[in-house]
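Reader: I have a structure to go through and some short questions about it. Can you put it up?
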Amino acid sequence: MRALVKTQAGPGLTLMEVPEPAIGINDVLVKVRKTGICGTDLHIESWDPWAARTIHPPLIAGHEFVGEITAVGSNVSDFHPGEIVSGEGHVTCGRCRHCLAGRRHLCAHTIGLGVGRDGCFAEYVALPMANVWHHWPGIDEEVAAIFDPFGNAVHTALAFPILGEDVLVSGAGPIGLMAIAVARHAGARLIVVSEPNAYRRDLAVRMGATVAIDPRERDLHDVQAELGMVEGFDVAMEMSGVAVALRTAMDNMAHGGGIAILGIPTAEITIDVNEIVFNQLTLRGIYGREMYETWYKMTVMLQSGLDIKPAITHRFPYRDHAAAFAAARSGDSGKVIMEWAER
Ligand code: NAD
Ligand code: ZN
């Protein structure tokens, strides 16, 4: 099969022939149809310090996909060839306290698809049956391909109650964009988006933002005043990984507000804990998706009218992976999809 492989320590990914993955008795083999490019894949491609620390080549990259089951292990009875599925990219140990309690997103021994084991930028991907999500009928195939980052958006957006609340979204990358639509669907009142990139600010408004501001030009306190807000934001979603964005969010919260932090900083961030104490803020880290409550929520929200499709802006055949990665890296894009269906 063909696959996009990190062949050695250093920049680049190579499209090459590799053996189809073997499956064990508990595994499912999936013929990949569509994949999404994540920031993680960009880090792996460019071989930044995180990738150099984390990735052990050779490795097939990629963890966002939809595909069709072609084979199942002898122990697998819930999945069958021909079914359309996506994969939960966090392979958990199954044996720790949290896994046994059904809180698999809290497993401390998580291995990432396309990070710690071969991923889905390939014609076939194998994964444990416990990581397979069977799509319900009627789910759009492109949307199905990005259930993994969509799940990050849902997990973050629903971390605090948002019905009727005023919400700040810092960073309108693909995940921030989807989170805006989720917050709108879940009944937020005002959704203020802070994003330096103009292309993404336009998309943010399309996804349902009340207003999208450039943090280099506008002070959020002024924006609050213009919108008639008096107490500050009830909920913030930190989706940029940028220090100043987190601090600005903390400065603009209502007392008792909640900040769900998904963005992954590249360095330590200094914050004023006085703000947390005296304003009684809750800062909550979000990693991955809840298995499988988030997946269920994604599905039922799509069935009740949530539309995240405008967040998908680019599509490429897998052969044009370099162009696909360039589009994802440019910033003037939402989600970028690669098609694997035909050779
Ligand atoms: P992205 O890098 O495409 O989006 C980040 C956005 O933040 C960009 O559009 C950027 O222009 C914007 N930004 C930069 N400076 C800003 C500032 N000062 N204020 C506001 N916005 C600013 O990333 P993404 O794919 O949408 O993912 C969002 C974040 O979540 C990233 O940090 C990513 O690493 C992280 N992530 C976390 C998890 C998890 O499980 N915790 C999973 C996936 C991604
Ligand atoms: Zn575990």
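Reader: Is Cys99 buried or exposed?
Author: Cys99 is buried, at a relative accessible area of 9%. Buried means under 20% relative accessible area, exposed means over 50%, and partly exposed is in between, with a 1.4 Å probe and protein chains only.

Reader: What should I know about the model and the conventions?
Author: The model is predicted: local features need pLDDT of at least 70, side-chain atom pairs count only at pLDDT 80 or more, and totals for chains, interfaces and linings use all residues. Residues are numbered from 1 along each chain as its sequence is written, chains are lettered from A and ligands numbered from 1 in the order in which they are written, and side-chain values use heavy atoms, with hydrogens and water left out.

Reader: Back to the cysteines. Which residues coordinate the zinc ion (ligand 2)?
Author: Cys93, Cys96, Cys99 and Cys107 coordinate the zinc ion (ligand 2), each through SG, at 2.3 to 2.4 Å. Donors are N, O and S atoms within 2.8 Å of the metal (3.2 Å for Na, K and Ca); water is not among the atoms, so sites may look incomplete.

Reader: What is the geometry of the zinc ion (ligand 2) site?
Author: Tetrahedral, with angles of 103 to 117° among the 4 donor atoms. Four donors count as tetrahedral if all angles lie between 85 and 135 degrees.

Reader: What spacing do the donors follow along the chain?
Author: The spacing is C-x2-C-x2-C-x7-C.

Reader: And how does Cys93 count for accessibility?
Author: Cys93 counts as partly exposed because its relative accessibility is 32%.

Reader: Now ligand 1. Which residues come nearest?
Author: Glu195, Arg200, Ile264, Ile286 and Gly288 come nearest, out of 21 residues around ligand 1. A residue is near a molecule or strand if one of its heavy atoms lies within 4 Å of it.

Reader: How do the residues of that shell divide?
Author: The shell around ligand 1 has 12 nonpolar, 7 polar and 2 charged residues. Ala, Val, Leu, Ile, Met, Phe, Trp, Tyr, Cys and Pro count as nonpolar, Asp, Glu, Lys and Arg as charged, and the others, Gly among them, as polar.

Reader: Which helices each supply at least two residues of the shell?
Author: Helix H6 (174-185) and helix H9 (243-251). Helices (H or I, at least four residues) and strands (E, at least two) are DSSP runs, numbered from the N terminus.

Reader: What about polar contacts to ligand 1?
Author: An oxygen atom of ligand 1 is 2.7 Å from a polar side-chain atom of Arg200. Two nitrogen contacts can be added: a polar backbone atom of Gly171 is 3.4 Å from a nitrogen atom of ligand 1, and a backbone N or O atom of Leu262 is 3.1 Å from a nitrogen atom of ligand 1. A polar contact is a pair of N or O atoms within 3.5 Å; within protein, one must be able to donate a hydrogen and the other to accept it, and residues adjacent in sequence count only if both atoms are side-chain atoms.

Reader: How much of ligand 1 does the protein bury?
Author: The protein buries 79% of the 840 Å² that ligand 1 exposes when taken alone. Accessible areas come from the Shrake-Rupley method with a 1.4 Å probe; for residues, only the protein chains shown count as cover.

Reader: Different topic, backbone. Where are the cis peptide bonds?
Author: One joins Pro57 and Pro58, with omega about 0°; Pro58 is in the loop between H2 and strand E4 (59-60). Another joins Met291 and Tyr292, with omega about -5°. Tyr292 sits in the loop between strand E16 (282-285) and helix H11 (293-303).

Reader: Any odd phi values to list?
Author: Trp47 has a positive phi near 60° and is not a glycine. Trp47 is in the loop between helix H1 (39-46) and H2, and counts as buried because its relative accessible area is 17%. Gln280 also has a positive phi, near 50°. Gln280 is in the loop between helix H10 (273-278) and E16, and is exposed at 57% relative accessibility.

Reader: Last one, Thr54. Where does Thr54 lie?
Author: Thr54 lies in helix H2 (residues 49-54) and is partly exposed, at 26% relative accessible area. A polar atom of the Thr54 side chain lies 2.6 Å from the backbone oxygen of Trp50.

Technical notes: Four donors count as tetrahedral if all angles lie between 85 and 135 degrees; four count as square planar and six as octahedral if opposite donors are over 155 degrees apart and all others between 65 and 115; anything else is irregular.
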